[in-house]
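Open the model in your viewer and keep the selection box handy. We will go stop by stop: select, look, move on.

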Amino acid sequence: MNVFASFVRKECIHILRDPRTMLIVLLMPVVLMMLFGFAISTEIKNINVAAVASRYTTDVRRDLTALEHNPYVTFKGMIREGEVDAALRSGRCSAVVLFGRDGKRHIVLDASNSSLSASAAIYLRSILTADASASALPVTTYMRHNPQLKSAYNFVPGVMGLIFILICALMTCVSVVREKESGTMEVLLVSPVRPVYVVLAKMIPYLVLSLFNLATILLLSHYVLEMPVAGNLSVLLILCTLYIVLSLFLGLFVSTLAQSQMVALLICAMVMLVPMMMLSGMMFPVENLPPVLKQLTFIVPARWFNDAIRKVMVEGLGFAAIWKELSILFAMALALFVASIKKFKDRLE
Amino acid sequence: MTAIEVSNLSKSYGDVQALRGVSFAVQEGELFGLIGPDGAGKTTLFRILTTLLLPSSGSATVESLDVVADYRRLRTLVGYMPGRFSLYPDLTVEENLQFFASLFGTTIREGYDLVAPVYSQIEPFRHRKAGKLSGGMKQKLALSCALIHKPRVLFLDEPTTGVDVVSRIEFWDMLQSLRQQGITILVSTPYMDEAQRCGRVALICDGRLLDIDTPEQIVLRTGQSTFEEAFIHLMSQQQ
């Protein structure tokens, strides 16, 4: 058997003989997906709306009917103009639509939860301006791709980016350093085996595991979280596989640097996780970040992955649209691969 | 012919001097013992000779290859068994041996003749995981793994530490038969009684060599009755 094949076989045995770790690796993505997909949500499920009107014109009646029949709006009835503040403060409703005498319409919102109220405002405007022909307001707001502002559309790609890099990096980050700790590295080094074989052989079994995870995550996000796959599936798979390979190399790179498994795990879990969440565009849009942090996002792989996967999954764009992101991710993967081979110590010191 | 040549080798870790100008030569086919207490610098010397560490000063060659410059070629020619058990505990006996055979581009069958005297003793347990073996069996497996690619020089760092008396005697018998097949063996031990099983020994203490000779000559020269007394005598002279 050739050196590389037997090395891969050895790594597979390590994984298969440790069923508990394997179970965690396979279940963690499912749990994280469910947690982020369901628990964290900024989407509008139910806005309590009241209305104030002095004259019931045809336009006003049409708008009121639209509010009453919208499944995402609970119409709480009419109130008097003086009651608006009290109604919002008491929490009886989170938005009030004011129909002015001049035909103008105003939306008053409880903005204590800013992100929720912002989406509620946009959503209400879209209801009120739906029938553009009769509209008194010249505002036309279209919400493409995500008309209900479903947070899954925003979170699922972000969570995928996070889960892949977290799980893949955590899996591989202990693999080299474990051999240093157990002393097997000492014997391994006194053999003709090359660092490039060691690094690649350690990656391959984890790549197989990660592709299995990729399948579960995609199935979950499509069938459970109702995430669309608007674009080409093969483009999506190529993008995800590239990102997984990058994440595995990132873990291996950490593993070649760290002196103990504990340090490697801490680097991956703590040092990488927080910036990954903050700077990837998953929690806060990259466009809203201060200039310095915005520059920093350029080196965060998850940011490019998020951009690209939204284009593919939500907007349904193809290769041509994510060409830049793919090249950047590829360059990052290559750089990490080269760096882990260079940093792989050929001796004990 | 000289198999191992060490000249004026020093190694320091920060402030700690592990080796202070060690020089000796081992002839081809010799069973050469490195005898000294814990912390004498035995493991450091082994690691430099097996290309795992770089010397601070001085030089060393194994099979005429420099341990620094020719380390890649040298790694194919030597067998190394570290002091600590360094095989994969979750792999079986056979899987471990197979893995190390393939690392050197060979197979168990090709190297079987050489390892047979050692490996045949643990072969009945070949499907047992290495982590579940007894101390003596672990040593035999580690020796088999170090031998499977037919090395020209074998480095054994305290192979009998933590092994029962019967296994130790067996182990030294195996080393004798390997030597007869022409393999140069450098072995270290903290046990004085094992020194007598070596052709020649170097006594090492605090990173310095105290004496190099056959065990009998050392005893005679120091005028002591046993090897252990001779060693203690030399150590006290040093201080």
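**Stop 1: a helix with two sides**

Select A:Trp323, A:Lys324, A:Ser327, A:Ala331 and A:Lys342. These exposed residues sit on the face of α14(A) turned away from its buried side. Keep in mind that this is a predicted model.

Now select the whole helix, residues 323–343 of chain A. How far apart should the ends of these 21 residues be, at 1.5 Å a residue? The expected span is 30 Å, and the end C-alpha atoms are 30 Å apart, so the two agree.

Next, colour the buried residues of α14(A): A:Glu325, A:Leu329, A:Ala333, A:Leu336, A:Phe337 and A:Ser340. They cover an arc of only 105 degrees around the axis, which puts them on the same side of α14(A). Here is the background: an α-helix has 3.6 residues a turn, so residues three or four places apart point the same way.

What do the buried residues of α14(A) pack against? Show α9 (195–224), α10 (233–257) and α13 (301–313) of chain A to see their partners.

**Stop 2: chain A as a whole**

Zoom out and show chain A. It has 14 helices and 4 strands. Of its 349 residues, 36% are buried.

Colour by domain. Domain 1 of chain A takes in 3–40 and 151–343, while domain 2 covers 47–134. The centres of these two domains, taken over C-alpha atoms, are 45 Å apart.

Contacts in chain A often join distant parts of the sequence. Among contacts with a separation of 6 or more, 77% link residues 24 or more positions apart.

For one such case, select A:Leu32 in helix α2 (residues 19–39) of chain A. Leaving aside neighbours within four places in sequence, A:Leu32 is in contact with A:Val159 and A:Ile163. Add A:Phe164 too: A:Leu32 and A:Phe164 are 132 residues apart along the chain, yet 11 Å separate their C-alpha atoms. Is A:Leu32 buried or exposed? It is partly exposed, because 17 other C-beta atoms lie within 10 Å, and a buried residue needs 20 or more.

**Stop 3: where the chains touch**

Show both chains. Here 19 residues of chain A are in contact with 24 residues of chain B. On the chain A side, α1 (3–16) and α8 (184–189) are the elements that give two or more residues. The most come from α1(A), with 5 residues. By class, this side of chain A has 9 nonpolar, 5 polar and 5 charged residues.

**Stop 4: the nonpolar cores**

Move into chain B. Select B:Leu49, B:Val62, B:Leu154, B:Phe155 and B:Ile185. They have the most contacts inside the largest nonpolar core, which has 77 residues. Apart from it lies another core of 67 residues, including A:Leu162, A:Leu170, A:Cys173 and A:Val300. In soluble globular proteins, nonpolar side chains tend to be buried together.

Now centre on B:Val62. Beyond its neighbours within four places in sequence, B:Val62 is in contact with B:Ala3, B:Ile4, B:Leu49, B:Val67, B:Leu74, B:Val78 and B:Val153.

**Stop 5: a helix in chain B**

Select residues 227–238 of chain B, which form helix α8. Its 12 residues should span 16 Å at 1.5 Å a residue; the end C-alpha atoms are 17 Å apart, which agrees.

Which residues of α8(B) are buried? Colour B:Phe227, B:Ala230 and B:Phe231. Their arc around the axis is only 100 degrees, which puts them on the same side of α8(B). The buried residues of α8(B) pack against β3 (31–35), β9 (200–205) and α7 (215–222) of chain B.

Step across to B:Gln217, in helix α7 of chain B. B:Gln217 counts as partly exposed, with 14 C-beta neighbours inside 10 Å. B:Gln217 and B:Gly33 are 184 residues apart in sequence and 14 Å apart in space, C-alpha to C-alpha.

**Stop 6: two loops**

Select B:Ser64, in the loop between β4 (57–62) and β5 (65–66) of chain B. Its phi is positive, about 65 degrees, although B:Ser64 is not a glycine. B:Ser64 counts as exposed, with 11 C-beta neighbours inside 10 Å.

Finish at B:Lys150, in the loop between α5 (135–147) and β7 (153–156) of chain B. B:Lys150 is not a glycine either, but has a positive phi of about 50 degrees. With 16 other C-beta atoms within 10 Å, B:Lys150 is partly exposed.

How values were computed. Residues numbered from 1 in each chain as written. Chains lettered and ligands numbered in written order. Predicted model: local features only at pLDDT ≥ 70, side-chain atom pairs only at ≥ 80, totals over all residues. Core = buried A, V, L, I, M, F, W, Y, C linked by C-beta atoms within 7 Å. Buried ≥ 20, exposed ≤ 12 C-beta atoms within 10 Å, placed from the backbone. Contact = placed C-beta atoms within 7 Å. Nonpolar A, V, L, I, M, F, W, Y, C, P; charged D, E, K, R; others polar. Domains from an automatic or database assignment. Expected span 1.5 Å × (residues − 1). Arc of directions from axis to C-beta.
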